[in-house]
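This report walks through one protein chain for a reader who has not met it before. It starts at a single residue and widens from there to the sheet, the helices and the chain as a whole.

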Amino acid sequence: MNDRVKGGQSTSSSKKNAEFFLDEYDDYKENVASIDTYQLISAGLSKELRGAGRVLDVGNGGVFSYDTQGVREIVGLDLFLDELPKDLELPENVTMVQGSALDIPQELLDFDGVVIVMLIHHLIGKTVAECIGNVRQLFSEVYRVLKPGGRILIVESCIPPWFYIFEKMVFLPATFVIENTIKHPPTLQYPVKFLERAMTEAGFVDVASKTIPKGRFVIQYGFKVPSWVTPVQPVLFSAEKP
């Protein structure tokens, strides 16, 4: 991670993400609730969040991948809040705020915890360097809004180092093809060690990760596929702001 190019989600990536997840909102919510891999994710994350105080859920989109009853207060941050379904039903302990994961509103401060679920690989810039800059910016913003002693919890789909090398090599042509052929937005996924190092560089301590078992199915580019066909592995990360 020697490249210090500043990030920023590209306009085309933001537009494509908005179009896809808003159009597929009901299906995505159903998949999170029903597909076995996501049920395992929910169980693992719910256990970590049980008894938490005030939590910021970054990139929430009105979909909760954990038991909200185990948290005292949740602030859901979403870039496309104004375009979410008007009849969106939220738990009583949830408040939604519009804003970017890369520029969290200044009034959102002093959280006991921050949750980021399956968001990082969607923070796409025009180049690989910009994507990496987005990861750094995200962790910098999260560090800023946490209380001292606050925890960050991340669930992310990670890939082996060899596949990351391949993804970086084909990023530009793959992005062009994806943007012009399918509804799902382009992504860039990262190895476990990359994200651990990025959190450490942002100032977090006690950085840890553990694999979440895959079920029979996962979602890849909007399609439900058998989990054995992809090298993607869900991982739960945790770290603390000293």
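In this predicted model, I120 lies in the loop that links strand β4 to helix α4. Is I120 buried or exposed? Its relative accessibility is 0%, and because buried means under 20% relative accessible area, I120 counts as buried. Once its neighbours within four places in sequence are left aside, I120 is in contact with V135, L138, F139, I154, E156, Y190 and L195. The C-alpha atoms of I120 and C131 are separated by 9.2 Å, and these two residues are 11 residues apart along the chain.

Two further residues can be described in the same manner. E167 is found in helix α5 and is buried, with a relative accessible area of 11%; leaving aside the neighbours within four places in sequence, E167 is in contact with I159, L188 and Q189. Q69, by contrast, is found in the loop between β1 and β2, and at 74% relative accessibility Q69 counts as exposed, because exposed means over 50% relative accessible area.

The following table sets out the C-alpha distances for these three residues.

| Residue pair | Separation in sequence | C-alpha to C-alpha distance |
|---|---|---|
| I120 and C131 | 11 residues | 9.2 Å |
| Q69 and R50 | 19 residues | 8.3 Å |
| E167 and L188 | 21 residues | 7.0 Å |

**The sheet**

How many strands form the open sheet, and in which order do they lie? The sheet is built from 7 strands in the order β3-β2-β1-β4-β5-β9-β6, and the pairing is mixed. At its edges are β3, which covers residues 94-98, and β6, each of which pairs on one side only. Neighbouring strands of the sheet are turned against each other by 20° on average, with direction ignored. Strands of a sheet pair through backbone hydrogen bonds, either parallel or antiparallel.

Strand β5 takes part in both kinds of pairing. With β4, residues 111-117, strand β5 runs parallel and is joined by 6 bridges, among them the one in which F111 has L146 of β5 as its partner. Another bridge partner in β5 is I152, which is matched with V114. The chain passes from β4 through α4 to β5, and this β-α-β crossover is right-handed. With β9, strand β5 runs antiparallel, and 8 bridges join the two; the bridge partner of I154 in β9 is F237. I154 has already appeared above as one of the residues in contact with I120.

**Helices around the sheet**

Helix α3, residues 36-49, lies across β1 (52-58), β2 (71-78), β4, β5, β6 and β9, and runs at about 170° to β5. Helix α7 spans residues 192-201, and within this helix F194, L195, E196, A198 and M199 are buried. An α-helix has 3.6 residues a turn, so residues three or four places apart point the same way. What covers the buried residues of α7 includes the helices α4 (128-145) and α5 (161-169) together with the strands β5 (146-158), β6 (205-211) and β9 (233-240). L195, one of the buried residues of α7, is also among the contacts of I120. Just after α7, G203 takes a positive phi of about 110°.

**Cysteines**

A disulfide is a covalent bond between the sulfur atoms of two cysteines. How many disulfides does the structure hold? The structure holds 0 disulfides. Two cysteines can nevertheless be placed by their accessibility: C131 is buried, with a relative accessible area of 0%, and C158 is buried as well, with a relative accessible area of 2%.

**The chain as a whole**

Taken together, the secondary structure of the protein comes to 7 helices and 9 strands. Of the 242 residues in the protein, 50% are buried. Where contacts have a separation of 6 or more, residues 24 or more positions apart account for 70% of them. The accessible surface of the protein comes to about 11600 Å², and 55% of this surface belongs to carbon and sulfur atoms.

Technical notes:
Residues are numbered from 1 along each chain as its sequence is written. This is a predicted model: local features need pLDDT of at least 70, side-chain atom pairs count only at pLDDT 80 or more; totals for chains, interfaces and linings use all residues. Side-chain values use heavy atoms; hydrogens and water are left out. Buried means under 20% relative accessible area, exposed over 50%, partly exposed in between (1.4 Å probe, protein chains only). Helices (H or I, at least four residues) and strands (E, at least two) are DSSP runs, numbered from the N terminus. Contact means heavy atoms within 4.5 Å. Two strands pair if DSSP finds at least two bridges between them. Axes are lines fitted to C-alpha atoms, for helices over the stretch in contact, and angles run from 0 to 180 degrees between N-to-C directions. A disulfide is a pair of cysteine sulfur atoms within 2.5 Å. A crossover is right-handed if, with the strands pointing away from the viewer, the path from the first strand over the helix to the second runs clockwise. Accessible areas come from the Shrake-Rupley method with a 1.4 Å probe; for residues, only the protein chains shown count as cover.
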